[in-house]
Amino acid sequence: PIECEQTELKNMENPFEEQQNQFQRPTFLLVLCILTFIGSGWGTLSNLFSVFTAGLTDSSMQMEHYSSMLNGMDQGGDSAVLSDILSSTMASLQATFVHAKEIAVINLVLSVISLLMFQLRRIGFYFYTAAQILMLFVLPYFAGFNFMVLAGMLFSAIFAVIFIVMYALNLKYMR
């Protein structure tokens with residue numbers, strides 16, 4: 001009986017202790033959120049910069065530079081496949097320059113949406129997942145699908161899937 005009374009007194013001393021532990025972030029989830037905050041914050045800042053600088057540079061001069069660089073690479077090899085890859089890359093670069101502002105605005109919005117994950121709410125996880133998936137298709141939408149775009153998309157998809165899975169495994173800790 002004395003032990004029961006001591007336990008009851010202990011529970012009465014801090015009735016909110018159980019609730020505080022319920023909302024405490026596991027260290028792994030906190031590190032994951034910090035990495036997301038850094039990545040999405042960087043994406044937000046760089047896309048914000050791109051929105052304001054998209055039309056300031058002469059894209060024709062940049063395209064000439066890329067064209068001469070790609071032609072130099074093309075002359076080094078006799079492969080028709082390499083030539084096709086380089087010409088499709090050139091077309092993608094042109095489309096990227098033409099639609100630079102639109103690409104930057106969409107990626108800016110999606111990066112800001114990804115920042116919602118830091119609040120650790122379940123709805124934030126779903127917004128984060130949707131934003132990460134949509135972000136994969138922004139460049140292909142404007143520049144088309146080719147080898148270089150698909151390679152970049154695949155590389156980005158690997159990290160997006162890894163983070164989405166790690167968040168999904170920690171969904172039980174979110175409010």
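The lining of the largest pocket holds 15 nonpolar residues, nine polar ones and no charged ones. This is a predicted model. The pocket encloses about 780 Å³ of space. Of its 24 lining residues, Gln132, Met135, Leu136, Gly152 and Ser156 are the closest to its centre.

**Who lines the pocket**

- Four helices each supply at least two residues of the lining: α3 (27-53), α6 (100-114), α7 (122-143) and α8 (147-169).
- Which helix gives the most to the lining? Helix α8 does, with nine residues.
- Rolling a probe the size of a water molecule over the atoms shows where empty space is left.

**The chain as a whole**

- The chain has eight helices and zero strands.
- Read from the N terminus, the order of elements is α-α-α-α-α-α-α-α.
- The chain counts 175 residues, and 27% of them are buried.
- Take the contacts between residues at least 6 apart in sequence: 78% of them join residues at least 24 apart.
- About 12,000 Å² of the chain is exposed. Carbon and sulfur atoms supply 67% of that area.

**Aromatic pairs: Tyr128 and Tyr167**

- How many aromatic pairs does the structure hold? There are four.
- One of them joins Tyr128 and Tyr167, in an edge-to-face arrangement. The ring centres are 5.2 Å apart, with 70° between the planes.
- Tyr128 belongs to helix α7 and Tyr167 to helix α8, so this pair ties together parts that lie 39 residues apart in sequence.
- Is Tyr128 buried or exposed? Tyr128 is buried, because its relative accessible area is 4% and the cut-off for buried is under 20%.
- Tyr167 also counts as buried, at 0% relative accessibility.

**Aromatic pairs: Phe155 and Phe159**

- Phe155 and Phe159 form another edge-to-face pair. Here the centres are 5.3 Å apart, and the planes meet at 70°.
- Where do these two residues lie? Both Phe155 and Phe159 are in helix α8, four residues apart, which is about one turn of the helix.
- Phe155 has 54% relative accessibility. The cut-off for exposed is over 50%, so Phe155 counts as exposed.
- Phe159 has 44% relative accessibility, so this residue counts as partly exposed.

**Helix α8 in brief**

- Helix α8 gives nine residues to the pocket lining.
- Helix α8 also carries Tyr167, the partner of Tyr128 in helix α7.
- The pair of Phe155 and Phe159 lies in helix α8 too.

Terms used: Residues numbered from 1 in each chain as written. Predicted model: local features only at pLDDT ≥ 70, side-chain atom pairs only at ≥ 80, totals over all residues. Heavy atoms only, no water. 1 Å grid on protein atoms, 1.4 Å probe; cavity = no way out; pocket = protein on both sides within 12 Å on 5 of 7 lines; lining within 4 Å. Points joined across faces, edges and corners; volume = space filled by probe spheres on them. Nonpolar A, V, L, I, M, F, W, Y, C, P; charged D, E, K, R; others polar. Buried < 20%, exposed > 50% of the residue type's maximum accessible area, 1.4 Å probe, protein only. Contact = heavy atoms within 4.5 Å. Areas by Shrake-Rupley, 256 points an atom, 1.4 Å probe, with all protein chains shown as cover. Phe/Tyr/Trp six-rings, centres within 6.5 Å; stacked < 30°, edge-to-face > 60°.
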